[in-house]
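This report describes the interior of one protein chain and one of its pockets. The sequence and the structure are shown first.

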Amino acid sequence: MNTIQQHPASIDIAIVEDDAGIRRSYEGLINLTPGLRCVGSYPTCEDALDDLEEHQPHVLLMDIGLPGMSGIEGTREIKTRWPSIDILMQTVYDDDERIFDSICAGASGYVLKNVEPGQLIQAIREIRDGAPMSAAIARRVLGMMRAHRSTPAEHLSPPTNLSPREMDILQSLVEGLSYKRIAEKHFISIHTVHAHIKKIYEKLQVNSKSAAVSKALKSKLF
């Protein structure tokens, strides 16, 4: 365990990264950014899992290539135990399969390690604003799914029975829109967006944005 205590802030962030130098640079960037604080820093998923029982962040920066349990495996385990944690995957790799596997495991977003510090902070804030993934990542994942339409789809059970409006809201989530952008797109209030999303969760039998997006993609609803 390597828990870091800082002054209260609006977004608590933990890091899973096996490179100590990169891990320290993320810690410094986060703690120097107003409204953010680093509450945990771990070299492996196993270390993080031991500590998350008592110290759950809002956002977890997760390296995809880790010793022992991989970032994708760790994401799946963390989202099973603590579905409210938003996981932002980081990697040197840039390919559709890893992106898709990460999102299906429950990741809320995906960025490359060579992004500018400002872009990383923006990605963290966008996740907390309600966007399950960036619009660019959403387009890539949707493109890959549509290119593999011959693959048998998973079937939702029980039937979703989503209303036309709920399908519109779910598609907007899949496209990477934040709650605010969904409200603007459909000319409704953010409160109404939350109400629709709550019903979508119930019908899809999920409890997070990323799980709803993952189920929609794997079930090929769009």
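In this predicted model, the largest nonpolar core holds 44 residues, and Val16, Leu60, Met62, Ile78 and Met89 touch the most other members. Leu60 illustrates how such a residue is surrounded. Leaving aside its neighbours within four places in sequence, Leu60 is in contact with Ala14, Ile15 and Val16, with Ile78, and with Ile85, Asp86, Ile87 and Leu88. Another core lies apart from the largest one; it has 16 residues, including Tyr26, Cys38, Ala123 and Ile124. In soluble globular proteins, nonpolar side chains tend to be buried together.

The chain as a whole gives the setting for these cores. Its 222 residues include a buried share of 50%, and its secondary structure consists of 10 helices and 5 strands. Of the contacts in the chain with a separation of 6 or more, 69% are between residues 24 or more positions apart.

Two cysteines can be compared by their accessibility, the cut-off for a buried residue being under 20%.

| Residue | Relative accessibility | Class |
|---|---|---|
| Cys38 | 0% | buried |
| Cys45 | 1% | buried |

Cys38 counts as buried because its relative accessibility is 0%, and Cys45 counts as buried because its value is 1%. How many disulfides does a search of the whole structure find? The search finds 0 disulfides. A disulfide is a covalent bond between the sulfur atoms of two cysteines.

A further cysteine, Cys104, belongs to helix α4, where the buried residues are Ile99, Phe100, Ser102, Ile103, Cys104 and Ala105. Gly106 follows α4 and has a positive phi, near 120 degrees.

The end of this helix leads to a pocket. The second largest pocket has a volume of about 220 Å³. Its lining comprises 15 residues, of which Lys79, Cys104, Ala105, Gly106 and Ala211 are the closest to the centre. Two or more lining residues come from each of α3 (71-81), α4 (96-105) and α10 (209-218). Which element gives the largest share of the lining of this second largest pocket? That share, 5 residues, comes from α10. By character, the lining residues of the second largest pocket divide into 6 polar, 5 nonpolar and 4 charged. Cys104 and Ala105 are thus both buried residues of α4 and among the residues closest to the centre of the second largest pocket.

Methods:
Residues numbered from 1 in each chain as written. Predicted model: local features only at pLDDT ≥ 70, side-chain atom pairs only at ≥ 80, totals over all residues. Heavy atoms only, no water. 1 Å grid on protein atoms, 1.4 Å probe; cavity = no way out; pocket = protein on both sides within 12 Å on 5 of 7 lines; lining within 4 Å. Points joined across faces, edges and corners; volume = space filled by probe spheres on them. Helix = DSSP H or I, 4+ residues; strand = E, 2+ residues; numbered from the N terminus. Nonpolar A, V, L, I, M, F, W, Y, C, P; charged D, E, K, R; others polar. Disulfide = S-S within 2.5 Å. Buried < 20%, exposed > 50% of the residue type's maximum accessible area, 1.4 Å probe, protein only. Core = buried A, V, L, I, M, F, W, Y, C linked by side-chain atoms within 4.5 Å. Contact = heavy atoms within 4.5 Å.
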